[in-house]
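Reader: Hi! I am in my first year and would like a close look at one part of this protein. Could you take me through the main pocket and then outwards to whatever surrounds it?

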Amino acid sequence: MVSRVVLGVEYDGSGAHGWQFQSHDPLTLQAFVEAALSKVADHPVKTTCAGRTDAGVHASQQVVHFDTHVERTERAWVMGSNRYLPPTVAIRWAKSVSDQFHARFSALSRRYRYIIYNSPVRQALLNRQLTWFYHPLDVERMDEAAQQLLGEHDFTSYRAVACQANNPVRQLRHIRLHKKGDLIYMDVEANGFLQHMVRNIMGVLLKIGVGDRPIEWAADVLAAKDRTQGGVTAPPYGLYFLGPQYEAHFKIPQSDHPIPVFPI
């Protein structure tokens, strides 16, 4: 009998080449997780995730499902798999679900957080967990500009040129920026994200925050539907996938620490 298991996976993506498995590259997060699960299951395991992350991007709750014909306790999936994972990757929980659940297609929305260390002097201890930006940034201008992106739009200007999504339309449901000390946080939620979409939004907002572009530029870039009209793609290091949201009846656990906060 085949059963479906769902996992919550946390990882520091700075040493990996993104989530998605690549036959020529063993350093992907999917490869790490599938190798560990396969040892516990004693058969090859193939996983499906809620949202692929790029190289250098982190996750406090990546949700993954897989099918298996063996019986293991939820604790065995967690503790057994973590034994074979690198220290930068951890399975936080496991849960048996019906085959009606799909990590990707059952997701109602997805959430990301981008964190900037805004200081004239760089820091060393978290240089792959934060994005350093040395020019002073006006967070109020950035937040005002970001609100122009709310709603359902064609986000062609904010996706990677190589993005393979068939449809560039996404519904941006929430976006907010705030500052705490030298840290600037951008929280964003949408029904789905295009490749590099969050990083390209931040690239535009950085130009506005430093005063190089007017607040209205964020909307102008959106309306252009042309990637070449946007800003640079912000680095991946400050980006965290906070996880997807599902219908309550699936009873998918929430991360016990979904929002990274660093003592700087």
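Author: Happy to help; below we start at the pocket, follow one helix into the core, and then visit a few other places.

Please keep in mind that this is a predicted model. The largest pocket has a volume of about 1200 Å³. Its lining is made up of 38 residues, and those closest to the centre are Gly51, Arg52, Phe193, Leu194 and Gln195. If you want to find the pocket by its walls, look for strand E2 (47-49), strand E5 (109-118), strand E8 (169-180) and helix H4 (197-209), each of which gives the lining at least two residues. What sort of residues form the lining of the largest pocket? There are 17 nonpolar, 15 polar and 6 charged ones.

Let's stay with the helix from that list, H4. Just ahead of H4 is a loop that begins after strand E9 (183-190), and His196 lies in this loop. The phi of His196 is near 65°, a positive value in a residue other than glycine. That is worth a pause, because most residues other than glycine have a negative phi. His196 is partly exposed, since its relative accessible area is 23% and the buried class takes in values under 20%.

Within H4 itself you will find Arg199, which forms a salt bridge with Asp54; their closest N and O atoms are 3.5 Å apart. Asp54 sits in the loop between E2 and E3 while Arg199 belongs to helix H4, so this pair ties together parts that are 145 residues apart in sequence. Are the two partners buried or partly exposed? Arg199 counts as buried, at 11% relative accessibility, whereas Asp54 is partly exposed, at 23%. Further along, Lys207 forms a salt bridge with Asp212, and here the closest N and O atoms are 4.0 Å apart. Lys207 is partly exposed, with 35% relative accessibility.

H4 also takes part in the nonpolar core. In soluble globular proteins, nonpolar side chains tend to be buried together. The largest nonpolar core here has 75 residues, and the members that touch the most others are Tyr158, Met202 and Leu205. H4 provides the largest share of this core, 8 residues. A second core, of 8 residues, lies apart from the largest one and includes Tyr117, Leu126, Leu130 and Tyr240.

What does Met202 touch, if we skip residues up to four places away in sequence? The answer is Tyr114, Ile116, Met142, Leu177, Met186 and Ala234. One of these, Leu177, is also in contact with Val139. Val139 is found in helix H3 (residues 139-146) and is buried, with a relative accessible area of 11%. Besides Leu177, and leaving aside neighbours within four places in sequence, Val139 is in contact with His178, Lys179 and Ile184. Val139 and Tyr185 are 46 residues apart in sequence, and their C-alpha atoms are 9.3 Å apart in space.

Now for another helix, H2 (residues 74-84), which holds Asn82. Asn82 is partly exposed, with a relative accessible area of 26%. By contrast, Trp77, Val78, Gly80 and Ser81 of H2 are buried. What covers them includes E1, helix H1 (29-41), E3 and strand E4 (89-97). Asn82 is in contact with Ala90 and Ile91, again leaving aside neighbours within four places in sequence. For a sense of distance, Asn82 and Ala145 are 63 residues apart in sequence and 42 Å apart in space, C-alpha to C-alpha.

Two of the strands just mentioned are joined by another salt bridge. The whole structure has 6 salt bridges, and in one of them the side chains of Asp67 and Arg4 meet at 2.7 Å, N to O. Asp67 is part of strand E3 (residues 58-68) and Arg4 is part of strand E1 (residues 3-11), so the pair ties together parts 63 residues apart in sequence. Arg4 counts as buried, at 13% relative accessibility, while Asp67 is partly exposed, at 34%.

Last, have a look at Lys251, in the segment after strand E10 (239-245). The phi of Lys251 is near 55°, again a positive value in a residue other than glycine. Lys251 is exposed, with a relative accessible area of 62%.

Note on methods
Residues numbered from 1 in each chain as written. Predicted model: local features only at pLDDT ≥ 70, side-chain atom pairs only at ≥ 80, totals over all residues. Heavy atoms only, no water. 1 Å grid on protein atoms, 1.4 Å probe; cavity = no way out; pocket = protein on both sides within 12 Å on 5 of 7 lines; lining within 4 Å. Points joined across faces, edges and corners; volume = space filled by probe spheres on them. Helix = DSSP H or I, 4+ residues; strand = E, 2+ residues; numbered from the N terminus. Nonpolar A, V, L, I, M, F, W, Y, C, P; charged D, E, K, R; others polar. Core = buried A, V, L, I, M, F, W, Y, C linked by side-chain atoms within 4.5 Å. Buried < 20%, exposed > 50% of the residue type's maximum accessible area, 1.4 Å probe, protein only. Contact = heavy atoms within 4.5 Å.
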